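Let's take a walk through a protein model together, one step at a time. Keep the picture beside you and look for each residue as we come to it.

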Amino acid sequence: SRVIDAILADPAWKARIATNSQGPLVGALGHSAGGYTVLALAGAKPDLPRMRRHCLAEASEDPIFCGMGRAGAAAPPMPPLPAAALSAKDELKDERVRAVVAMSPAGVLLTAESLATVRPATLIYEAELDRFVVPRFHAEWVASNLPAANLHRVPNAWHFAFMDTPSMSLPSPDGDVAANPPGFDRDAFLKQLAVEVTAFFDKTLI
């Protein structure tokens with residue numbers, strides 16, 4: 001929201017952003033934790049106890065997500081978390097956001113009830129072989145609870161398929177960020193992704 005504030009306050013940028021009777025036409029795109037962020041901007045709400053329950057039950061099936069911050073080791077029992085979800089005052093929804101693209105979102109902590117109330121147009125991408133945020137717990141959970149989700153599965157793709165290939169090896173809990181599964185052409189996919197995302201925003205931000 002602070003980024004949106006800054007862009008709309010900048011004369012050079014504000015002049016380039018279309019508006020209608022409801023105000024500026026704002027779209028938001030995010031990957032991984034950024035995917036969670038843009039869904040929160042659209043009205044989805046986190047429930048920390050839900051994430052805790054997930055990792056207590058599914059740590060072996062979603063080990064990287066549940067082991068984050070623990071030196072890449074298999075997740076030990078999680079510490080106690082507050083019994084309640086974030087309060088209403090902590091809501092991140094931004095009414096200016098009209099359309100959202102979430103790529104491999106970290107979505108397991110979002111509640112079904114809040115996802116069902118999301119009104120901006122949504123495009124959800126999942127990487128078929130994602131080990132960082134396993135699709136059935138994250139992207140597919142999000143898509144199955146949105147009122148009108150548009151879910152795209154990217155065949156033979158890992159979590160970092162949505163990022164430009166770095167010029168050097170970059171280690172992560174899921175291996176080298178620059179690596180791809182055998183047979184996956186990241187450059188070709190990113191060109192296709194640019195076309196698809198642009199078309200989605202052109203269609204929805206009117």
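A search of the whole structure, which is a predicted model, turns up 5 aromatic pairs. A pair of aromatic rings is described by the distance of the centres and the angle of the planes. Try this on Phe 132 and Phe 160: their ring centres are 5.8 Å apart and their planes stand at 80°, so this pair is edge-to-face. Where do Phe 132 and Phe 160 sit along the chain? Phe 132 belongs to the loop between β5 and α7, while Phe 160 belongs to the loop between β6 and α8 (186-204). The two are 28 residues apart, and their pairing links distant parts of the chain. Are they buried or exposed? Phe 132 has a relative accessibility of 11%, so it counts as buried. Phe 160 is buried too, with a relative accessible area of 11%.

Now find Phe 162 and Phe 189, another edge-to-face aromatic pair, with 5.6 Å from centre to centre and 75° between the planes. Phe 162 lies in the loop between β6 and α8, and Phe 189 in helix α8, so this pair ties together parts that are 27 residues apart in sequence. Phe 162 is buried, at a relative accessible area of 8%, and Phe 189 counts as buried at 6% relative accessibility. These two rings also take part in a cluster: ring pairs link Tyr 125, Phe 162, Phe 184 and Phe 189.

Let's step back for the overall plan. The protein chain has 8 helices and 6 strands. If you follow the sequence from start to end, the pattern reads α-α-β-β-β-α-α-α-β-α-β-α-β-α. The chain has 206 residues, and 42% of them count as buried. Of the contacts with a separation of 6 or more, 72% are between residues 24 or more positions apart. The accessible surface comes to about 10900 Å², and 59% of that belongs to carbon and sulfur atoms.

A good strand to look at next is β5, residues 121-127. Because 6 of its 7 residues are buried, β5 is largely enclosed by the rest of the structure. Which strands does β5 pair with? One is β4 (residues 97-103), which pairs with β5 in the parallel sense over 5 bridges. Here you can spot Met 103 standing opposite Tyr 125 in β5. Another is β6 (residues 151-154), which runs parallel to β5 and is joined to it by 4 bridges. On that side, Ala 127 stands opposite Val 154 in β6. Together, β5, helix α7 (residues 139-145) and β6 make a right-handed β-α-β unit.

Within strand β5, pick out Glu 126. Glu 126 is buried, with a relative accessible area of 2%. Setting aside residues up to four places away in sequence, Glu 126 touches several residues, among them Ser 104, Pro 135, Glu 140 and Phe 162. His 152 is also on that list; Glu 126 and His 152 are 26 residues apart in sequence, but 6.3 Å apart in space from C-alpha to C-alpha.

Next comes helix α3, residues 33-41. Its buried residues are Gly 35, Tyr 36, Val 38, Leu 39, Ala 40 and Leu 41. What covers them? The cover includes β3 (26-31), β4, β5 and α7. Just after α3, Gly 43 takes a positive phi of about 120°.

Towards the start of the chain, look for Leu 8 in helix α1 (residues 2-9). Leu 8 counts as buried, at 18% relative accessibility. Leaving out residues up to four places away in sequence, Leu 8 touches Lys 14, Ile 17, Pro 24 and Arg 96. Leu 8 and Pro 24 are 16 residues apart in sequence, with their C-alpha atoms 8.4 Å apart.

One last topic is confidence. The chain averages a pLDDT of 90, and 89% of the residues score at least 70. The pLDDT is below 50 over residues 71-89, a stretch that has 23 contacts in the model beyond near neighbours in sequence. Where pLDDT is low, the predicted coordinates should not be read in detail.

Definitions and conventions:
Residues numbered from 1 in each chain as written. Predicted model: local features only at pLDDT ≥ 70, side-chain atom pairs only at ≥ 80, totals over all residues. Heavy atoms only, no water. Buried < 20%, exposed > 50% of the residue type's maximum accessible area, 1.4 Å probe, protein only. Contact = heavy atoms within 4.5 Å. Areas by Shrake-Rupley, 256 points an atom, 1.4 Å probe, with all protein chains shown as cover. Pairing = 2+ DSSP bridges. Right-handed = clockwise from strand over helix to strand, strands pointing away. pLDDT = per-residue confidence, 0-100. Phe/Tyr/Trp six-rings, centres within 6.5 Å; stacked < 30°, edge-to-face > 60°.
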